[in-house]
Amino acid sequence: MENNSPTKRRRRDILKSVGVSTIILGGFSSTATALSKNNGEKLGEENNNRDLNEINTKFNPDSQKQVYKFARQISGLDEDEGIQVVKSLTRPRKEAYIEAMKPTEFNTKLAEVESVSDITVQDAGGRAYTATTTAKSPSGLVAYKYEVTVNFGWDDNEDEITTLDASAGPATTGLPWRYRGEATDIVSNNDSSGYVKQTGDFGMCVFVPACVIVDERNPTISLRVYPGGEVDLLTKDNDK
């Protein structure tokens, strides 16, 4: 049975406005504007006004080393600054940056959560687990981390799941990726066990000047839980 609570529906609607699928790489060839540092400013203000001249927007798009270095440089910028730098790139440099940020490595881990909420008085015990899929690009940067938390409880005889709840969303989203909500949201309790399947929707943006989706990934995390606290991570469902 699918859970369509207001909270779930709101989460699905996050950034739904970002839905263009056509790539427009246009002619934005101006270099990034330099923001000078002021030694008299506070530390936080200095961080917000870093010298963008340190970012090499003239990198060779055919040099993997230079492209990866550029990707790492702008990953340290505030999002708005990073967007402005990406906008300034020529078409070949945009294309090289896109390839450098497409995830190629996926790792899913399961961890127990210490605090358990929403366990009702009818439950004899309860557990909570978080499963996180980390997607890394060949540049070594994290494209996104997708996280699913399942909360469940059981009866005295440990033969029936009495409470089951799940939530999902981005733990981390790196430039130029965007989280666009949940594509799949299933929470099903058949008493002897509970099943959760969540699929996220992440899109890679190129800013020309608005966000244009040039790549999309849909990480899926599935879990089955049992009375007494056992949980199975169904890795066969953790697709890209």
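A residue counts as buried under 20% relative accessible area, as exposed over 50%, and as partly exposed in between. With a relative accessible area of 39%, E216 is therefore partly exposed. The model toured here is predicted, and E216 is a suitable place to begin.

**Stop 1: the network around R180**

Select E216 together with R180. The two residues form a salt bridge, and the closest N and O atoms are 3.1 Å apart. E216 belongs to strand β7 (residues 211-217) and R180 to strand β5, so the pair ties together parts that are 36 residues apart in sequence. Unlike E216, which is partly exposed, R180 is buried, its relative accessible area being 7%.

Now add D201 to the selection. D201 also forms a salt bridge with R180, with 3.0 Å between the closest N and O atoms. D201 sits in strand β6 (residues 194-207) and R180 in strand β5, so this pair ties together parts that are 21 residues apart in sequence. D201 and R180 are both buried. Taken together, R180, D201 and E216 are linked in a network of salt bridges.

**Stop 2: a salt bridge between helix and strand**

How many salt bridges does a search of the whole structure find? The search finds 7. One of them lies between E79 and R178, so select that pair next; the closest N and O atoms are 2.8 Å apart. Helix α4 (residues 79-88) carries E79 and strand β5 (residues 177-189) carries R178, so the pair ties together parts that are 99 residues apart in sequence. E79 is partly exposed at a relative accessible area of 44%, whereas R178 counts as buried at 13% relative accessibility.

**Stop 3: strand β6 and its partners**

Select the whole of β6. Why can this strand be called largely enclosed by the rest of the structure? Of its 14 residues, 13 are buried, so β6 is largely enclosed by the rest of the structure.

Show its partners one at a time:

- β5 pairs with β6 in the antiparallel sense over 10 bridges. Select Y179, whose bridge partner in β6 is F202.
- β7 is joined to β6 by 6 bridges, and the two strands run antiparallel. Select C205, which stands opposite I213 in β7.
- Strand β8 (residues 220-225) is also joined to β6 by 6 bridges, again in the antiparallel sense. Select G194, whose bridge partner in β8 is V225.

**Stop 4: loops with notable backbone geometry**

Follow the hairpin of β5 and β6, which has 4 residues between the strands. Within this hairpin, select D191. Its phi is near 75 degrees, a positive value in a residue other than glycine. At 40% relative accessibility, D191 counts as partly exposed.

Move next to the loop between β3 and β4, where E158 lies. E158 has a positive phi of about 55 degrees although it is not a glycine. Is E158 buried or partly exposed? At 47% relative accessibility, E158 counts as partly exposed.

Then select L175 and P176. A cis peptide bond joins these two residues, with omega at about 5 degrees. P176 is found in the loop between β4 (161-173) and β5.

**Stop 5: helices α3 and α5**

Two packed helices are described by the angle between their axes and the distance between the axes. Select helix α3 (residues 64-75) and helix α5 (residues 91-100), which pack at an angle of about 80 degrees with their axes 10 Å apart. The helices α3 and α5 are therefore roughly perpendicular to each other. To display the contact, select V67, Y68, F70, A71 and I74 in α3, which meet A96, Y97 and A100 in α5.

**Stop 6: the largest nonpolar core**

Keep F70, I74 and Y97 selected, and add V150, F152 and L164. Of the 47 residues in the largest nonpolar core, these six, F70, I74, Y97, V150, F152 and L164, touch the most other members. Which element gives the largest share of this core? Strand β3 (residues 142-154) does, with 7 residues. Selecting β3 as a whole completes the tour.

Definitions and conventions. Residues are numbered from 1 along each chain as its sequence is written. This is a predicted model: local features need pLDDT of at least 70, side-chain atom pairs count only at pLDDT 80 or more; totals for chains, interfaces and linings use all residues. Side-chain values use heavy atoms; hydrogens and water are left out. A salt bridge is a side-chain nitrogen of Lys or Arg within 4 Å of a carboxyl oxygen of Asp or Glu. Buried means under 20% relative accessible area, exposed over 50%, partly exposed in between (1.4 Å probe, protein chains only). Two strands pair if DSSP finds at least two bridges between them. A nonpolar core is a set of buried Ala, Val, Leu, Ile, Met, Phe, Trp, Tyr and Cys residues joined through side-chain atoms within 4.5 Å. Axes are lines fitted to C-alpha atoms, for helices over the stretch in contact, and angles run from 0 to 180 degrees between N-to-C directions. Angles under 35 degrees count as roughly parallel, over 145 as roughly antiparallel, 65 to 115 as roughly perpendicular and the rest as oblique. Contact means heavy atoms within 4.5 Å.
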